[in-house]
Amino acid sequence: MSFTKAFSPALREIRILCSQTGPASAGTRQFILNRYPTIKDMNPDLPVLIREAHGTPARVFARFERGVEKHVELDNLSATDVEAKVAQLLS
């Protein structure tokens, strides 16, 4: 899945959780820096929430229609691996 196109209308929200300084969240922080602008440009009405808290394990949640939620763990992954996991979650 490419982040240069709009996501499915069934996707209602994306929440990204990570530690603002922890080394296990470094790839997730880099993913946010690299891909957040593109995601918002292509999906301006989609809420993309970024929550940083000390010691929080890196993970991403996707909420779909009818309240269905899925998530993946992103601790200790590179930015490329994070992108692949997020793409898999959203497809």
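**Chat on a predicted chain: surface first**

Author: The accessible surface of the chain comes to about 5200 Å², and 51% of that area belongs to carbon and sulfur atoms. Please keep in mind that this is a predicted model.

Reader: OK, and what share of the residues counts as buried?

Author: Of the 91 residues in the chain, 37% count as buried, where buried means under 20% relative accessible area.

Reader: What about the radius of gyration, and what would a compact globule have?

Author: A compact globule with 91 residues would have a radius of gyration near 12 Å, and the chain has 12 Å, so the two agree. Along its principal axes, the C-alpha trace spans about 35 × 25 × 20 Å.

Reader: Switching to the fold, how many helices and strands are there, and in what pattern?

Author: There are 2 helices and 4 strands in the chain, and reading along the sequence one meets them in the pattern β-α-β-β-β-α.

Reader: And of the contacts between residues at least 6 apart, what share joins residues at least 24 apart?

Author: Among those contacts between residues at least 6 apart in sequence, 68% join residues at least 24 apart.

Reader: Which feature does UniProt place on it, and where?

Author: The unreviewed UniProt entry places "domain: Ribosomal protein/NADH dehydrogenase" at residues 20-91. Over residues 20-91 the chain is 40% helix and 22% strand, with the end C-alpha atoms 27 Å apart.

Reader: Last one, for the electrostatics: how many positive and negative side chains, and how far apart are the centres?

Author: The chain carries 12 positive and 10 negative side chains, and the centres of the two sets lie 4 Å apart.

How values were computed
Residues numbered from 1 in each chain as written. Predicted model: local features only at pLDDT ≥ 70, side-chain atom pairs only at ≥ 80, totals over all residues. Heavy atoms only, no water. UniProt positions renumbered as here; feature names shortened; annotations may be inferred. Rg over C-alpha atoms; globule rule 2.2 N^0.38 Å. Buried < 20%, exposed > 50% of the residue type's maximum accessible area, 1.4 Å probe, protein only. Contact = heavy atoms within 4.5 Å. Areas by Shrake-Rupley, 256 points an atom, 1.4 Å probe, with all protein chains shown as cover. Lys, Arg positive; Asp, Glu negative; His and termini not counted. Charge placed at Lys NZ, Arg CZ, Asp CG, Glu CD.
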